[in-house]
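Welcome, and please have your viewer ready. We will go from one selection to the next, pausing at each to see what is there.

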Amino acid sequence: KSGGEPLMVYCAAGLREPMQAVADEYGKEFGVEVRTSFGASQAELVTLERAGNGDIYLPADESYVEMARGKGLVDVVMPVAVMRPVLGVKRGNSFGVKTLDEVLNSKMKLGQANPEAAAIGKVTRDALMKVGKWEAVAAKTVVFTGTVNEVANAVKVGSIDGGFIWDALLKQYADLEGVEIGELKDVSSKVAVVVLKTSKNGVEARKFARYLAARDRGLREFARFGFAVVEGDLWSARPELRLMSGAMLRPAIEETIADFEQREGVSVVRVYNGCGILVAAMRAGERPDAYFACDASFMEQVSDLFLDAVDVSQNQLVILVHKGNPKGIHSLRDLGQKDLKVGVGHEKQCALGVLTKETLVQTRQYEPVMKNVVVQSPTGDFLVNQLRTGSLDAVIAYVSNAAASGDKLEAIKIDIPCAIATQPFAVGRESPQKELGKRLLSAIRSAESKERFLENGFYWKGRGD
């Protein structure tokens, strides 16, 4: 048990039962007090903003997450569950209503949560406005309550005959049943836990959020209380994420990954190598949690092992020569001249080699240049080191490989389309830490990360601009 400062959680009233159960379990397991405030999603957002000291926000609909984001309060978001609105009535449905029109034409006393404060009210209102039925429903409503729980309780005690509630609440109210309303059938709310930027202990807050969103911890409680939960990550107090990455990406992502580890309280095990070698390892049975490929062609070879890939950056093939270009090399053709020692990427072990071969074949320089090749390497960094020490006269590498060697080397651009490599990132289908992997991708696509890519000679394809 770690003990430590209490965590402050602001939570939608409809999520009270599972949230409190998770808070109690976390407190027992780690000795950290989790204090909770329950109310309408909008009201809790106002309260936490005024207090300025919250750690966690758990609203009942993602629209409130976006409101919080707009206020600059959101640090990280983790998905928890999906809820749908239904008409809650007493078990037996004595009015026999099955449609919204039947409700409007009946003598039912209808109640609902205030759309200006509670997620259920807002979601229901927005959906019914689209089909032109909100005004009739509002006119039929005899009471607007502060929270969804108050609606359910009012139906339970009989002060109203029906009210819009979340389907998840039906398991907590045995006296009620839900009527599926056609106008709401395609409506759902995504529940997500938000770590707030106001948190004074971000690592502990993230740890609690991961606990809450873990399939074998918090999500079990949400499922027990009737919620349709997401897959979620496996719980670990300090998760380990295994990342396979093309070696040329290392200088662009190392600082971002180190920051991510410290911020999240996790470990990222990096395996850097030529992408041909990495793909061969995956084909032999290795299953990383994420893969950052040097070129899309290598991602395609293992696409069955990963979720949809996202393009992050691009890199340009160049000819690198010594400062001052003593051998007078200005094009690929010049690499075929006599008595040159040339280095290239290994055409089976890395994206650099594959692209180099394709570029040389397309420009009809493959055979002349390969006669002068004395080194084939799975990484561009090795080629640059050989060039810097004088073992080679020229190499074909990425512009990023020479980013730190501008004092000793110069680059000659290879200006044909196939000389540009695109770097995609994907999370493993079998990974027990998919959500953590997605957050690492978000970090790699951030504005801070973009600057690091640009500093290292990459072009940017991700967000952050």
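In which helix is Arg-210 found? Select helix 8, and you have Arg-210 in view. Keep in mind throughout that this is a predicted model.

**Stop one: helix 8.** Show residues 202-212, and colour them by burial. Helix 8 is mostly covered, with 9 of its 11 residues buried. The buried ones are Glu-204, Ala-205, Arg-206, Lys-207, Phe-208, Ala-209, Arg-210, Tyr-211 and Leu-212.

**Stop two: Arg-210.** Now show this side chain as sticks. Which side chain of opposite charge is nearest to Arg-210, and how far away is it? Select Glu-264, which is 4.4 Å away. A salt bridge here needs a side-chain nitrogen within 4 Å of a carboxyl oxygen, so Arg-210 is buried without one. Next, bring up the residues around it. Setting aside neighbours within four places in sequence, Arg-210 is in contact with Met-78, Trp-235, Ser-236, Ala-237, Pro-239, Glu-264, Gly-265, Val-266 and Arg-439.

**Stop three: the largest cavity.** Stay with Arg-210 and turn on the display of internal space. The structure holds 4 cavities of 30 Å³ or more, and the largest has a volume of about 100 Å³. It is lined by 14 residues, and those closest to its centre are Arg-210, Ala-213, Ala-214, Asp-233 and Gln-433. Strand 4 and helix 16 are the elements that each give two or more residues to this lining. Helix 16 has the largest share, with 3 residues.

**Stop four: the second largest pocket.** Keep strand 4 and helix 16 selected, then add helix 3 (62-70) and strand 10 (189-196). Each of these four elements supplies at least two residues of the lining of the second largest pocket. Which element gives the largest share of that lining? Highlight strand 4 (74-83), which contributes 5 residues. The pocket holds about 310 Å³ of space. Among its 19 lining residues, Pro-79, Val-80, Lys-190, Ala-192 and Glu-435 are the closest to the centre.

**Last stop: Lys-133.** Where does Lys-133 lie? Select the loop between helix 5 (119-130) and helix 6 (134-140) to find this residue. Then show Glu-183 as well: its side chain makes a polar contact with the side chain of Lys-133, at 2.7 Å. Beyond residues up to four places away in sequence, Lys-133 touches Leu-100, Asp-101, Leu-128 and Glu-183.

Definitions and conventions
Residues are numbered from 1 along each chain as its sequence is written. This is a predicted model: local features need pLDDT of at least 70, side-chain atom pairs count only at pLDDT 80 or more; totals for chains, interfaces and linings use all residues. Side-chain values use heavy atoms; hydrogens and water are left out. A polar contact is a pair of N or O atoms within 3.5 Å; within protein, one must be able to donate a hydrogen and the other to accept it, and residues adjacent in sequence count only if both atoms are side-chain atoms. Contact means heavy atoms within 4.5 Å. Buried means under 20% relative accessible area, exposed over 50%, partly exposed in between (1.4 Å probe, protein chains only). Lys and Arg count as positive and Asp and Glu as negative; His and the chain ends are not counted. On a 1 Å grid over the protein atoms alone, a cavity is a set of points where a 1.4 Å probe fits but cannot get out, and a pocket is an open set with protein on both sides within 12 Å along at least five of seven lines; lining residues have an atom within 4 Å of a point. Grid points are joined across faces, edges and corners, and a volume is the space filled by probe spheres set on the points.
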